[in-house]
Amino acid sequence: MSLTASRDSAVPGSRGTPPPRTPDERKRVLGLDRGAWFLLLPALIPILILSVGPLLYGVSLAFTDSQAGRTSPTQFVGLDNLLDLRHDGLFWESFRIGLTWAVCVTALQFVLALGLALLLNQNLRFRWLARTLALVPWAMPEVVVGIMWRLVYHPDAGILNKTLTQFGVIHGPTENIDWLSDLSYALPAVIVVGVWAGMPQTTVVLLAGLQNVPHELREAAQLDGAGLWRRFTTVTWPALKPVVLSITALNFIWNFNSFGLVYVLTQGGPGGQTRLPMLFAYEEAFKYGQFGYAAAMGLVMVAVIAVLLTLFLRKRLKEDAV
């Protein structure tokens, strides 16, 4: 053994190994940790009170028979609410509608937002104005968006039917379409509103991702003779993949949990064709007073969406790793 090797093995902390801490140093580190937690308390307390607390209460409520207006104490019923949900066809139908809504809105939002982001990333005249106008739907409250689109879809005074009449698609007032009350058109009409309202947020995120793509790589690909599509698939898209994965997963969660927009537009009608799971749980809790049963619905929705997102993210991450 060389002298250097023997010296390194004998000296504590050599070759990158930290020396053992003395009792005073350990006390000082523990004191710093306690001080850090003390500084975090003002931020942690509101989270625990306003987020974690209600979440745990909602989970516990799913295992009780809590109802509105009852005088007897709430009883623990175990898995009874979850077992009853297995045979609730209306709930699973609303779940199917919610998945259809979430998948369609998320996919259309992404495709349209990607095209708009690519356009806004170009060096165009009045680009600042176009970017500002693209954010207008995002700045509007859901209630305002719902009321505005109810006017657009109005069967008699709505601008959509009037435009179709002018182009000869509809011949006279007798053929006007009641977009939000027709069983065939209600869900597609609501999906269009969801895409319009949520597209600006996706556009902003994708635009930020596009601006982080190194310009030198695109110039090098162009000098190598790569066309527009080739540059997008070989340079832009690989750099944009992490952003796409994040915003797609978040959009799916937000869209599946939509409530205000659809409630203002249709309140779940006609005939339950637009009754999303959140609307169904809301009616069960505040219309029929079944708080425990509604909480069980929420618990099932969270569990199923968590499983679907886990499978989706695992598949995409494996594809990226290959």
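Biologist: Which residues is Thr266 in contact with, leaving aside its neighbours within four places in sequence?

Modeller: This is a predicted model, in which local features need pLDDT of at least 70 and side-chain atom pairs count only at pLDDT 80 or more, while totals for chains, interfaces and linings use all residues. Thr266 lies in the loop between α12 and α13, where helices (H or I, at least four residues) and strands (E, at least two) are DSSP runs numbered from the N terminus. At 14% relative accessibility Thr266 counts as buried, a word that means under 20% relative accessible area, with exposed meaning over 50% and partly exposed lying in between (1.4 Å probe, protein chains only). Taking contact to mean heavy atoms within 4.5 Å, the partners of Thr266 are Arg150, Leu180, Val190 and Thr274.

Biologist: Which peptide bond is cis, with omega near -5°?

Modeller: Residues are numbered from 1 along each chain as its sequence is written, and side-chain values use heavy atoms, with hydrogens and water left out. The loop between α12 (260-265) and α13 (277-286) contains Pro270, and Gln267 also lies in the loop between α12 and α13, with a positive phi near 55° although Gln267 is a residue other than glycine. The cis bond, with omega near -5°, runs from Gly269 to Pro270.

Biologist: How many of the 10 residues of α13 are buried?

Modeller: In α13 the buried residues are Pro277, Leu279, Phe280, Ala281, Glu283, Glu284 and Ala285. The helix is therefore largely enclosed by the rest of the structure, the buried count for α13 being 7 of the 10 residues.

Biologist: Which residue forms a salt bridge with Glu283?

Modeller: A salt bridge here is a side-chain nitrogen of Lys or Arg within 4 Å of a carboxyl oxygen of Asp or Glu, and by this rule the count comes to 2. Glu283 is buried, with a relative accessible area of 17%, whereas the residue it pairs with counts as partly exposed at 22%. The closest N and O atoms are 3.5 Å apart, and the partner of Glu283 is Arg275.

Biologist: How far apart, N to O, are the side chains of Arg96 and Glu93 in their salt bridge?

Modeller: Arg96 and Glu93 are 3 residues apart in helix α4 (residues 89-120), which means that about one helical turn separates them. An α-helix has 3.6 residues a turn, so residues three or four places apart point the same way. Both residues are partly exposed, Arg96 at 45% relative accessible area and Glu93 at 35%. The N to O distance in this salt bridge is 2.6 Å.

Biologist: At which residue does α11 bend by about 50°?

Modeller: A straight helix of 29 residues would span 42 Å at 1.5 Å a residue, but helix α11 (residues 228-256) spans only 35 Å between its end C-alpha atoms; the expected span is 1.5 Å times one less than the number of residues. The bend at a residue is the angle between axes fitted to the seven residues ending there and the seven starting there. In α11 a proline, Pro238, follows within four residues of the bend, which falls at Trp237.

Biologist: What separates the C-alpha atoms of Phe252 and Ile305 in space?

Modeller: Phe252 lies in helix α11 and counts as buried, at 12% relative accessibility. Beyond its neighbours within four places in sequence, Phe252 is in contact with Leu99, Ala102, Val103, Thr106, Ile305 and Leu309. Phe252 and Ile305 are 53 residues apart along the chain, and their C-alpha atoms are separated by 9.1 Å.

Biologist: Which residues does Thr248 touch, not counting residues up to four places away in sequence?

Modeller: Thr248 is found in helix α11. One residue that Thr248 touches lies 138 residues away in sequence, with 7.4 Å from C-alpha to C-alpha. The list for Thr248 is Thr106, Phe110 and Phe312.

Biologist: What share of the contacts in the protein with a separation of 6 or more comes from residues 24 or more positions apart?

Modeller: The secondary structure comes to 14 helices and 0 strands, and buried residues make up 33% of the 322 residues. Residues 24 or more positions apart account for a share of those contacts equal to 65%.
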